[in-house]
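This report describes one helix and one ligand site in a predicted model. Please look over the sequence and the structure before reading on.

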Amino acid sequence: MKKVLIVYWSGTGNTEVMAKQVAKGVSDAGAELVLKKAAEATAGMVKEAAALAFGCPAMGAEILEEAEMEPFVSALSKEELDGKPLGLFGSYDWGDGQWMRDWAERMKAMGALVDGEGLITQLAPTEETLNKCYELGKRLAG
Ligand SMILES: Cc1cc2nc3c(=O)[nH]c(=O)nc-3n(C[C@H](O)[C@H](O)[C@H](O)COP(=O)(O)O)c2cc1C
């Protein structure tokens, strides 16, 4: 069975809701789901998975959350990411999505096959965004 790893960080729950919806798409498509918060995730888990989804809101000034998500992402290299499908998602508020553009470029530079431009939503995800999260999960599982 195809293993899909979802790793996320969320402070006030918006990105977490997205993560759970991606997870539902993965499970409904019949793949093996591993859902982890960033603090519990390791590069070894990324290496073992066939497809990936990472979620983090825009923090600081258009960067990833620094205490848990950034260390997780920093520990990754081409070895774990090269040629692997990767869905990126997250919530933001007052910015224009710069953190996601930077993150997508960073992951592509390590060989990840980033799905689209990353899935972003202002504050709480709408029904439409949740559907996109679900579809992302299904694509990653397929
Ligand atoms: C410390 C902090 C820094 C933030 N920095 C940004 C930012 O640079 N750009 C932006 O668009 N939103 C920024 N936000 C807003 C969050 O991205 C937004 O509230 C998001 O919905 C939080 O997602 P979460 O509920 O998954 O934690 C920041 C919020 C906090 C608390």
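## Helix α6 and the ligand site

Helix α6 runs over residues 127–141, and its 15 residues should span 21 Å at 1.5 Å a residue; the C-alpha atoms at its ends are 21 Å apart, which agrees with that expectation.

Which residues of α6 are buried? They are Thr129, Leu130, Cys133, Tyr134, Leu136, Gly137, Leu140 and Ala141. Around the helix axis these residues cover an arc of only 155 degrees, so they lie on the same side of α6. The face turned away from this buried side carries Glu127 and Glu128, which are exposed.

What do the buried residues of α6 pack against? Their partners are the strands β1 (3–8), β3 (51–55), β4 (85–92) and β6 (119–122), together with helix α1 (14–28).

The second topic is the ligand. It is surrounded by 18 residues, and the closest are Ser10, Thr12, Ala58, Ser91 and Gly95. The table lists polar contacts between protein and ligand.

| Residue | Protein atom | Ligand atom | Distance |
|---|---|---|---|
| Thr12 | side-chain N or O | oxygen | 2.4 Å |
| Gly60 | backbone N or O | nitrogen | 3.1 Å |
| Asp93 | polar backbone atom | oxygen | 3.1 Å |

Taken alone, the ligand exposes 640 Å², and the protein buries 80% of that area. Thr12 thus appears both among the closest residues to the ligand and in a contact made through its side chain, whereas Gly60 and Asp93 each make theirs through a backbone atom.

Note on methods:
Residues numbered from 1 in each chain as written. Predicted model: local features only at pLDDT ≥ 70, side-chain atom pairs only at ≥ 80, totals over all residues. Heavy atoms only, no water. Helix = DSSP H or I, 4+ residues; strand = E, 2+ residues; numbered from the N terminus. Expected span 1.5 Å × (residues − 1). Buried < 20%, exposed > 50% of the residue type's maximum accessible area, 1.4 Å probe, protein only. Arc of directions from axis to C-beta. Contact = heavy atoms within 4.5 Å. Near = heavy atom within 4 Å. Polar contact = N/O pair within 3.5 Å; in protein donor to acceptor, adjacent residues only side chain to side chain. Areas by Shrake-Rupley, 256 points an atom, 1.4 Å probe, with all protein chains shown as cover.
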